[in-house]
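Visitor: I would be grateful for a close look at a single part of this structure. Please explain the terms as you proceed.

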Amino acid sequence: MIFKKRKKDVSKNPFYDERDTLVLYLRCDKCGEVFMSHIRKMTELFADYQNNRYVLNKEYIGSQCPNRIQVRAVFKPNYRLESFEISGGTFITREEYEESFEKGR
Ligand SMILES: [Zn+2]
C-alpha cells in the first residue's frame with residue numbers, strides 16, 4: 001500500500017493523532033517562536049462525563065517573550081475533534097515547524 005503524504009490543513013484540525021498522544025505545532029504571534037506539544041489523551045484531557053466529551057485547556061509561554069498562547073479544544077468520546085480555539089498564537093503544520101529550524105542552519 002502506498003501512502004501519499006498530504007499536507008494537513010491545520011485550520012480544520014491542528015491535532016496530529018498518534019495513538020495515545022495528540023501532537024500540536026504552534027507559533028507565537030508576538031515573536032514567531034515555534035512550539036511542539038505532546039498531549040497525552042489519558043492524562044491531559046479533562047473527561048467531561050456530564051456532556052460526554054473531553055476538554056483540553058493549555059497555556060504555552062515561550063522562552064523568547066512573555067506572550068501567552070492559550071489553546072482550548074473539545075473532543076468527542078472517540079477523540080474526534082469537535083471544536084477548538086487559539087489565542088496569542090497560530091497553529092502550524094509539522095512541516096512548517098521543521099522548516100523553521102532548517103532556516104536557521
Ligand atoms: Zn513569543
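Guide: Let us begin with Asn52, which is placed in the loop between β4 (46–48) and β5 (53–61). Here strands (E, at least two residues) are DSSP runs, numbered from the N terminus. This is a predicted model, in which local features need pLDDT of at least 70 and side-chain atom pairs count only at pLDDT 80 or more, while totals for chains, interfaces and linings use all residues. Residues are numbered from 1 along each chain as its sequence is written.

Asn52 is not a glycine, yet its phi is positive, at about 60°. Asn52 counts as exposed because 9 other C-beta atoms lie within 10 Å; a residue is exposed if 12 or fewer other C-beta atoms lie within 10 Å of its own, the C-beta atoms being placed from the backbone.

The two strands beside this loop belong to an open sheet of four strands, with the order β4-β5-β6-β7 and antiparallel pairing. Two strands pair if DSSP finds at least two bridges between them. The edge strands, β4 and β7, each pair on one side only. On average, neighbouring strands of this sheet are turned by 15° against each other, direction ignored; the axes are lines fitted to C-alpha atoms, and angles run from 0 to 180 degrees between N-to-C directions.

Within the sheet, β5 and β6 run antiparallel and are joined by eight bridges. Tyr60 has Ile69, in β6, as its bridge partner.

A further loop, between β6 (68–75) and β7 (81–87), holds Tyr79. The phi of Tyr79, a residue other than glycine, is positive and near 70°. Tyr79 is exposed because it has 12 C-beta neighbours inside 10 Å.

Definitions and conventions
A residue is buried if 20 or more other C-beta atoms lie within 10 Å of its own, exposed if 12 or fewer, and partly exposed in between; C-beta atoms are placed from the backbone.
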